[in-house]
Amino acid sequence: MFELREISKAYGAVNAITDLDLTITPGKTTALIGPSGCGKSTILGMMIELVQPDRGEIQFKGTALAPGKLEQLRQRMGYVIQDGGLFPHLSARHNVTLMADHLGHDPQITDQRVEYLCDLTHFPTDALGRSPAQLSGGQCQRVALMRALMLDPDVLLLDEPLGALDPLIRFELQTELRDIFQTLGKTVIMVTHDIGEASYFGDTIILLREGCIVQSGTIDDLTNRPADEFVERFVRAQRTIPGQEHGK
Ligand SMILES: Nc1ncnc2c1ncn2[C@@H]1O[C@H](COP(=O)(O)OP(=O)(O)OP(=O)(O)O)[C@@H](O)[C@H]1O
Ligand SMILES: [Mg+2]
């Protein structure tokens with residue numbers, strides 16, 4: 001679905017990504033995980049062309065990404081950037097339906113879809129008329145998620161989409177989203193800080209450090225066959241791997 005070849009990206013003196021090769025399998029969920037500043041958002045940003053790599057090539061479905069194809073490409077992907085990226089002057093509803101309205105979709109079908117998405121994300125429908133500033137952080141995050149899911153895209157790129165949610169809603173959404181991803185065969189790339197979440201969603205987990213991939217594999221690979229001492233420490237530092245106690 002995505003092929004990244006020898007990608008490098010620097011911001012001034014900071015090498016955010018160095019010589020990265022990455023293949024994203026269609027129909028699977030890939031979790032990107034790693035310490036703050038290791039380049040996770042930069043990778044996602046390059047896939048949706050918000051960030052231009054300095055070197056290397058990114059292919060989407062066999063075609064190299066190029067600026068001119070941006071709008072067409074964006075319609076095929078749903079994405080949530082790290083801070084949600086909602087338009088502050090638009091209502092929650094309008095944020096969610098913006099693209100569908102722009103594409104001239106039937107308003108009745110759009111309304112039904114919004115209702116379904118509110119139900120899915122436990123977003124209160126009476127808050128749809130409010131602007132992002134009048135919503136809580138967790139509610140904004142759910143609006144961003146609804147917006148990403150609105151057009152039912154085959155590819156979803158999600159940068160910590162559930163980080164601001166309380167544990168109950170987060171748990172329910174994790175369960176329902178994983179069901180949706182698996183049943184509908186979505187290709188999902190999800191950034192998370194939580195290795196429990198990464199292992200719950202991720203068919204493949206990619207652990208990054210300082211702009212490079214340290215290990216790519218299943219949670220079993222990372223826990224039982226860590227590539228190096230950093231992987232071991234990273235996995236051990238988290239308490240939420242399902243079925244395992246901290247320190248075992
Ligand atoms: N626009 C920018 N200008 C300058 N430096 C940047 C910019 N965006 C990112 N960086 C730097 O590039 C590196 C990678 O940043 P990135 O946002 O990809 O990290 P991340 O893994 O998503 O971190 P986090 O887990 O905190 O979200 C960091 O050192 C960051 O400070
Ligand atoms: Mg980030």
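Student: Ala, Val, Leu, Ile, Met, Phe, Trp, Tyr, Cys and Pro count as nonpolar, Asp, Glu, Lys and Arg as charged, and the others, Gly among them, as polar. By class, which residues does the shell around ligand 1 have?

Tutor: The shell has five nonpolar, seven polar and one charged residues. This is a predicted model, in which local features need pLDDT of at least 70 and side-chain atom pairs pLDDT 80 or more, while totals for chains, interfaces and linings use all residues. Residues are numbered from 1 along each chain as its sequence is written, chains are lettered from A and ligands numbered from 1 in written order, and side-chain values use heavy atoms, without hydrogens and water.

Student: Which residues come nearest to ligand 1?

Tutor: S36, G37, K40, T42 and Q82 do, out of 13 around the ligand; a residue is near if one of its heavy atoms lies within 4 Å.

Student: How far is S41 from an oxygen atom of the ligand?

Tutor: A polar side-chain atom of S41 lies 2.8 Å from one, and for H193 the distance is 3.0 Å.

Student: Changing topic, what is the strand order in the six-stranded sheet?

Tutor: The open sheet runs β6-β7-β8-β3-β9-β10, with mixed pairing. Strands are DSSP E runs of at least two residues, numbered from the N terminus, and two of them pair if DSSP finds at least two bridges between them.

Student: Why do β6 and β10 each have a side without a neighbour?

Tutor: β6 (77-80) and β10 (212-217) stand at the edges with a single partner strand each, so one side of each is left open in the sheet.

Student: In which sense do β7 and β8 pair?

Tutor: Residues 155-159 and 187-191 pair in the parallel sense over five bridges, and L157 stands opposite I189 in β8.

Terms used
Helices (H or I, at least four residues) and strands (E, at least two) are DSSP runs, numbered from the N terminus. A polar contact is a pair of N or O atoms within 3.5 Å; within protein, one must be able to donate a hydrogen and the other to accept it, and residues adjacent in sequence count only if both atoms are side-chain atoms.
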